[in-house]
Amino acid sequence: MLTLKKTLLEVLQPFSPLPLDGNMIERPVHAHLGDLALPCFPFAKALRKSPIAIAEEIAAAVDHPLIHRAEAQSGYVNFFLERSVVTASLLHTILGQSSTYGSSDRGNGGVVTIDLSSPNIAKPFSMGHLRSTVIGNAIALLVEKCGYKPVKINYIGDWGTQFGKLLTAYRKWGNEAEVKKAPIATLLQLYIRFHEKAELDATLNDEARAAFKALEDGDSSARALWEWFKMESLKEFQRIYDLLGVTFDSYNGEAYYNDKMGPIIEELTEKGLLVESDGALVVELEDGLPPCLIKKSDGATLYATRDLTAALDRKTTYDFVKSLYVVGNEQSLHFTQFKKVLGKMGHAWSADIQHIPFGLLLKDGKKMSTRKGKIVLLEEVLNEAIALAQSTIETKNPDLANKKDVAQAIGVGAIIFSDLKQHRRHDIEFNLASMLQTEGETGPYVQYANARAHSVLRKAGSMRAFTVSEVNDFEWAVVKLLEQFPDAVKRAADELDSSIIAKYAVDVAQSFNSFYGNVQVLSDSEDQSYRLALVHCVTIVLEESLRLLGMKSPREM
RNA sequence: GUCUCAGUAGCUCAGCUGGAUAGAGCAAUGCCCUUCUAAGGCAUCGGUCGCAGGUUCGAAUCCUGCCUGGGACGCCA
């Protein structure tokens, strides 16, 4: 309640011996205690009175048109707002601002680069990449709503020793026809086979390293195979991005930086930061951090080398005010090192780089590993969710138009929402059943609330002017939540945490469903026009919330 | 071993910039479709907030130690 809180702060400041801020006003845990509350405990010392007495004095003295009444209760002043005044003003605001409700311009057009998705070529798109894609996309939408200009970069993993492994495996055991038939699946099998054999025969790893070195040095046969693998992979990834509705501003992957790493190595050398260690070149770091490897003993580059190059390139290309990397928890150390190295190079903007870590997707309590073939394929999961939504539609709403599109919106929505609703740092135990769920705190639940709201609006026909006379508890609960939307957006953007939006959307859907179940909107009552306006506002806020999560809002389902 | 993240109801989680009786969803049980989409609503059941100290008028929330689990820890990314 940003504006309500602000107003209340101004009203209350004269009574307080301390400067008040928004954090000191809270929402009571139970609705019967009031709409907003001021705990008076912090004032006791300065005023040398008991919090109970202070609360009573304030409650008796406060007088404002927005405040219906103020009650003192065990050290708190509980405020009951003038419901009809607040409601009328809020509904007009939301209807007037429509989808821009909750938007701000505090980003001032500054560029925020977001490194997201970043699947590895020749490997299937796993559930792990889903997290990065979905979280990164939602953050892009969030910062955009706050006036920044997001640049989504899909930093494709198309370089590195893994390609040496793949090239080696393909030359030993692969054939062209099989790869053509089922590219990713076949390449994955080769990759897995390589690791099985390498456990028994360590010389394979040496071969792989040599093969990658050859690729990096421009060997034409290696290069041709690599191009082919990459093309096939990108085709497969695109199908998934289309399904998820995610687009990118750049697909510059690691290979893009292959011939651009010279300058950074020179810069590191000039600044005296490179040190030789066991034949490799490293940058030593303080604070007990392990050194950052820049060049392997065979002269080949590493992840960190390319990341540094990419960071410098992005700074000159985009001049970002913030650069975000949506990459798993397990790479935290790498990002700490990488930022430190940039700092040591004298780039003050290294402070604008931020790792957005997220928890692993676990299977039986353990990390899934591509190398051992322990992965879950995202495309299969998505298709299953869509099929499930489709069959639900057939039983519940068989006459629905565009069943296919709606089923896709719901199935994909269920998957996206199940990921975004929990705090991103938590590890997630992979559970297909819970991702496919459509009841309770799920994406389809929120979408359903919105569809019901639209159904009411359709039946009502055109909107009319309204006046608010009385606001019942069901309506008031919805109004109070709608009022918090800008605050939820702000908190989510401050913490770059879309789960705040997801939880907020569930709250709105719950309060709306409760209202819907208990209050008849379409009726002869003179409250109908005001209730319709409320329902309309619910759809505006729900749709905007879902949009910020990267989800669609079908009007019928 | 070092660093790091986590431990809240049977399960999955919210609350963690300290504030009132710790909240949801799932599961279980019982109601509600001759009122706007039952992917819904209403109700019941369910908790030593990992353990032990400390700070505070007040701690799930902050500090310290311990226990348990995940992850990372130079030539992978």
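Which helix does T336 lie in? T336 lies in helix α13, which covers residues 332–344. This is a predicted model, with an ipTM of 0.96 and a pTM of 0.94. Chain A comes with RNA strand B, and 78 residues are around that strand. Here's a quick tour, from the overall picture down to single residues.

**Confidence**

- Chain A has a mean pLDDT of 92, and 98% of its residues get to 70 or more.
- The weak spot in chain A is strand β12 (residues 366–367), where confidence is lowest, with a mean of 72.
- At the other end of the scale sits strand β5 (residues 149–153), where confidence is highest, at 98.

**Overall build of chain A**

- The secondary structure of chain A adds up to 21 helices and 13 strands.
- Measure the C-alpha trace along its principal axes and you get a span of about 85 × 65 × 40 Å.
- Chain A has 557 residues, and 40% of them are buried.
- Take the contacts in chain A between residues at least 6 apart in sequence: 75% of them join residues at least 24 apart.

**Domains**

- Chain A is divided into domain 1, residues 2–81, and domain 2, residues 379–548.
- Taken over C-alpha atoms, the centres of domain 1 and domain 2 are separated by 33 Å.
- As for direct contact, four residues of domain 1 meet five residues of domain 2.
- On the side of domain 1 that touches domain 2, the split by class is three nonpolar, no polar and one charged.

**Around RNA strand B**

- Among the 78 residues around RNA strand B, the ones that come nearest are G160, D278, K296, G440 and S455.
- Helix α17 (residues 443–460) gives the largest share of the surface near RNA strand B, with eight residues.
- By class, the surface near RNA strand B has 31 nonpolar, 31 polar and 16 charged residues.

**The β6–β7–β8 strands**

- Strand β6 (residues 274–277) runs antiparallel to β7, and four bridges join the two.
- β6 and β7 make a hairpin with two residues between them.
- D278 sits in the turn of that hairpin and has a positive phi of about 50°; D278 is also one of the residues that come nearest to RNA strand B.
- Two pairings across β6 and β7 are worth a look: S277 has A280 as its bridge partner, and V275 stands opposite V282.
- β7 also pairs with β8, again in the antiparallel sense, over three bridges.
- V282 turns up here too, with L293 in β8 as its bridge partner.

**Positive phi outside glycine**

- D287 isn't a glycine, yet its phi is positive, at about 60°.
- You'll find D287 in the loop between β7 (280–283) and β8 (292–295).
- D287 is exposed, because just 6 other C-beta atoms lie within 10 Å, and the cut-off for exposed is 12 or fewer.
- N402 is another non-glycine with a positive phi, this one about 45°.
- N402 belongs to the loop between α14 (378–396) and α15 (403–420).
- N402 has 11 C-beta neighbours inside 10 Å, so it counts as exposed.

**Two helix residues: A55 and T336**

- A55 is found in helix α3, residues 51–61.
- Is A55 buried or exposed? A55 is buried, because 26 other C-beta atoms lie within 10 Å and the cut-off for buried is 20 or more.
- Setting aside neighbours within four places in sequence, A55 is in contact with C40, A72, G75, Y76 and V77.
- A55 and F41 are 14 residues apart in sequence, and their C-alpha atoms are 9.0 Å apart in space.
- Back in helix α13, T336 is partly exposed, with 15 other C-beta atoms within 10 Å.
- T336 gets that label because its count falls between the cut-offs, which are 12 or fewer for exposed and 20 or more for buried.
- T336 and G128 are 208 residues apart in sequence and 22 Å apart in space, C-alpha to C-alpha.

Key:
Residues are numbered from 1 along each chain as its sequence is written. Chains are lettered from A and ligands numbered from 1 in the order in which they are written. This is a predicted model: local features need pLDDT of at least 70, side-chain atom pairs count only at pLDDT 80 or more; totals for chains, interfaces and linings use all residues. A residue is near a molecule or strand if its C-beta atom, placed from the backbone, lies within 6 Å of it. Ala, Val, Leu, Ile, Met, Phe, Trp, Tyr, Cys and Pro count as nonpolar, Asp, Glu, Lys and Arg as charged, and the others, Gly among them, as polar. Two residues are in contact if their C-beta atoms, placed from the backbone, lie within 7 Å. Domain bounds come from an automatic or database domain assignment. pLDDT is the predictor's confidence in each residue, from 0 to 100. Two strands pair if DSSP finds at least two bridges between them.
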